[in-house]
Every structure is written in structure tokens, then in C-alpha cells.
Amino acid sequence: MAKNSSLAAEGLTSGAVLWKTFLASSVVLALGLIVLLQATAQGNAFTTETLRRTEVANTPSLVPELPVYDADGNQSTLRQVLAEGDKVWIVDFVYTRCQTICTTLGTVFQQLQHQIQLRGLDDKVGLLSVSFDPAHDTPDALGIYRDRMRMDPDIWRIVTLSSPLDRRQLLDAFGIIVIPAPLGEFEHNAALHLVSGAGRLFRIVDYDDATVALDIALATAP
Amino acid sequence: MKLKRFPPFALWIGLTLCLVGSALSIPPGRSLIEQSMAWHMVIQMPILFASGWFLMGGVWDFSKTSPGSWNQFGLTGFIAAQFIITYWMLPISIDRAVVMPQVDVLKVLSLIASGALIQTSLSRSPAVLQLFFVGYIVSMLISTGVYLATTERRLCNAYSLESQLSAGYGVVAIGVALACGWAYRINRLKPKTEDRIEGF
């Protein structure tokens, strides 16, 4: 009898103890889930790249007004370039010495240019390559790249920053992270950025999805 | 819980690992974790975890420890540690720790805490519960590692694809090492654990 009551007492205390642990665990579980959901945009973005794309699609942002020059050495600003011709622009980021991803991007842009020419869309959609390496990409270097890519000047333009000091601001605005790679190259997240004539970055799509980018551009073109 | 009377060997190991791990977040050591995902995920993060493990092991005397009413069977500690480890395996968190120093401070503190929590929880839980949590963490490490090592998608904007591949193999190795370490420990502490299972 005595044994039984002591067991009952033990059962009670361990029950009470378990209740505390259950409460603490539940609080930790809830906090953990909140933190994880918060960090991943409600479970939608596990990489910085998907987060960047989700954010841009939800809240389009105005690109910064930065001085740029083109392959002919003409000075203007990024937003002035975008405002030309009342088009939607597909923008990519390159540096002309690049042998890796930019070459792929170059091919993607060539195919887009071909599509735009074939379908006569040059008054609706423009292509803009922005070099983030103004230290090396002089107007001459841009000119060589332009010729190499066989850019049609009515469709595809290339510019770089007038001042290397603006590089950070440019890359931050588009969410590009550039990291140095061996052989003096850079590695960077590459994608197709859709920007309106008013200079609003409103969508980012994979460079594999060039047709999707073109469809979105056409659907939103004025 | 009871404090140990003399700072034992484990405490010194813990302090050393803590210094080494933190030094990798401060220049000039920081350039290593900024440039290499493997240094970040495979070297720094496990060092921080281990430092918490040894610090906790060096400070508390678990043989004289009471079950702990808020952390019965180590359940609360396991859940917290699991969230911390999961969080720092997300590519988005790894990127943030590289780009934002304040996030990096949180990373250092939370990973040290996760090591300490796992040390406490393992000392309190029966083998089945340990198997559940350790098994979960190990399988998560191995599957994440295999994904990092085999995907052609660059997951962290802060690291090159090449760096990601080597980090992937390293993460798999950590998973395997953790599984072996746990199996060794459970085997060494066998009689004690069986008592606990009966108690459970």
C-alpha cells in the first residue's frame, strides 16, 4: 500500500515535470518555426537568389540613376538609356573579358535578338547588357564585345558605369553578388532582369527561360 | 545541474575551439570563410559546435545532474539544437552570415549554444530518443551534403560552384563522423543507457 502511494506520488511529479518540458518544447518549436519561416520568406526562398526574385516580383524597385557610357563613348544615365524608345528591357550583367557564364548569357541574348528581329518586336522589347567592370571595359572594349556578339544597335545596347565607385550601388540595386574567381575572372549570379521604360525592375527570370522573359516583356510592354 | 570543482581538460579544449572558431569570423581569419564554403560549413561551423559541446562538458558535472524539469529527457534541448543546425544549413543563411556581420555574430553564438544543448540533452535522454534526433541530424547532413556536391545549381551567391562541391563532400563526411561518434558513445555508455530505457 505504501509502495503504491509512493509510486502514485512519483507518477504525479514526473507528470508535472513532463508538463513543463512539454511547454518548453512547444515554445521552442513555435519559435524555431517562426524564425525559419521568417528567414525563408514563408518557406518560399531557401537561397538568396530565389529571395531576390520573390522580392522583386512582389515589390518592383526603381533602378538607381547612375552615369553610364556606351561603346561609342556617349555619356548618359542608366534611367535615360531605359527611357529611350518606350520599351520593356531585358537586362543582363556582364564583363567583357568573361569566358564562362557571360558567354552563355551572350548566346541567350543573341537568340533573343534573333527572336525580336524575326517577330518585329524591336519597338516593344529592348536588350541591355550592363558591364560591372568599368575598370577594364572602356568604350573600345565594349565596342569589341558589341562586334563579337553582332549586336543590332536598334535592339541590343551595352553600357558600363562612368564611375567605378557606383559599382556597389548598381549591384546592390539588382541584388548581384560578384565574387573574384581564379584567372582574374568573376563569378556572379546570372539572370534576366525585366525593367520597365520608367526604370522599374519588376521581374527576374532564369537565363534558361529566355522565352518566358520575352513573353513577360511582351505582356507588359506599352 | 552541478558545477564541476576544477576546470577539467574538456573546458580547455572548449575554450581553444571557441577562440579558433570565433577567429574565423574576424579579419584576417574571416577571409577564409568568405572565400571558401568548405572553410565556412565544414571547418568553422563544426568547430563552433564542438566548442559548445566541450565547454558544456567541462563546466557541468553530468553524473550529479538532476533530470531538469524544463528539459526532461533532453527534449527541449534537442528541438532547439535541431532548429539551429537546420537554420545554418540553408544556403540563404550561409549567404547572410557572409554578407552581414551581425548575422555572423548570431551564427557563432547559436552554434556554440547548439553544441552545449546537444551535450546536455544526450546526457539525459534514453537511447531511442537519441537515435531519433541524432538520426535526423545525420540524415539531414548527408542529404544536404550530397545535394551540394551533385547539383549544378549554384546555391549560395557568396560562393563559387566549385567551392560548393567541396563543401558538399565535407558535409557528408561530418554526417558520417557524427553517426560513428554517436554509435561509439552509446556503446561505451551501454549499461547506463539500458537503465534509462527501463525508466523511460
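In what order do the eight strands of the open sheet in chain A stand, and is their pairing mixed? In this predicted model, the order is 1-10-9-4-5-6-2-3, and the pairing is indeed mixed. The two ends of that order are strand 1, residues 61–62, and strand 3, residues 75–77; each of these edge strands has a single partner strand, so one side of each is left without a neighbour in the sheet.

Within the sheet, strand 4 (residues 88–94) and strand 5 (residues 125–131) of chain A run parallel and are joined by seven bridges. One pairing to look for is that of A:Trp89, whose bridge partner in strand 5 of chain A is A:Gly126.

Two helices can be placed against this sheet. Helix 5 of chain A, residues 139–148, packs on the sheet and touches strand 2 (67–70), strand 5 and strand 6 (156–161) of chain A. The direction of helix 5 makes about 155 degrees with that of strand 6 of chain A. Helix 7 of chain A, residues 210–220, lies across strand 4, strand 5, strand 9 (192–195) and strand 10 (200–205) of chain A. With strand 9 of chain A, helix 7 makes an angle of about 0 degrees.

Helix 5 of chain A can be followed residue by residue. Its buried residues are A:Leu142, A:Tyr145 and A:Arg146. Viewed down the axis of helix 5 of chain A, these buried residues fall within an arc of 100 degrees, so they line one face of the helix. The general spacing behind such a pattern is that an α-helix has 3.6 residues a turn, so residues three or four places apart point the same way. The buried residues of helix 5 of chain A pack against strand 2, strand 5 and strand 6 of chain A. On the face turned away from the buried side, helix 5 of chain A carries the exposed residues A:Asp140, A:Asp147 and A:Arg148. Just after helix 5 of chain A comes A:Arg150, which takes a positive phi of about 50 degrees.

Other backbone details also deserve a look. As a general rule, most residues other than glycine have a negative phi, and most peptide bonds are trans. A:Asp86 is a residue other than glycine with a positive phi, near 50 degrees. A:Asp86 is found in the loop between helix 3 (78–83) and strand 4 of chain A. With 13 other C-beta atoms within 10 Å, A:Asp86 is partly exposed.

In chain B, B:Phe73 has a positive phi near 60 degrees. The loop that holds B:Phe73 lies between helix 3 (37–59) and helix 4 (75–87) of chain B. B:Phe73 counts as buried because 23 C-beta neighbours lie inside 10 Å, the cut-off for a buried residue being 20 or more. Chain B also has a cis peptide bond, from B:Pro27 to B:Pro28, with omega near 5 degrees. B:Pro28 lies in the loop between helix 1 (9–23) and helix 2 (30–35) of chain B.

Chain A as a whole has seven helices and ten strands. Its C-alpha trace spans about 100 × 40 × 30 Å along the principal axes. The radius of gyration of chain A is 26 Å, whereas a compact globule of 222 residues would have one near 17 Å. Of the 222 residues of chain A, 34% count as buried. Among contacts in chain A between residues at least 6 apart in sequence, 67% join residues at least 24 apart.

Key. Residues numbered from 1 in each chain as written. Chains lettered and ligands numbered in written order. Predicted model: local features only at pLDDT ≥ 70, side-chain atom pairs only at ≥ 80, totals over all residues. Pairing = 2+ DSSP bridges. Helix = DSSP H or I, 4+ residues; strand = E, 2+ residues; numbered from the N terminus. Contact = placed C-beta atoms within 7 Å. Axes fitted to C-alpha atoms, helices over the stretch in contact; angles between N-to-C directions. Buried ≥ 20, exposed ≤ 12 C-beta atoms within 10 Å, placed from the backbone. Arc of directions from axis to C-beta. Rg over C-alpha atoms; globule rule 2.2 N^0.38 Å.
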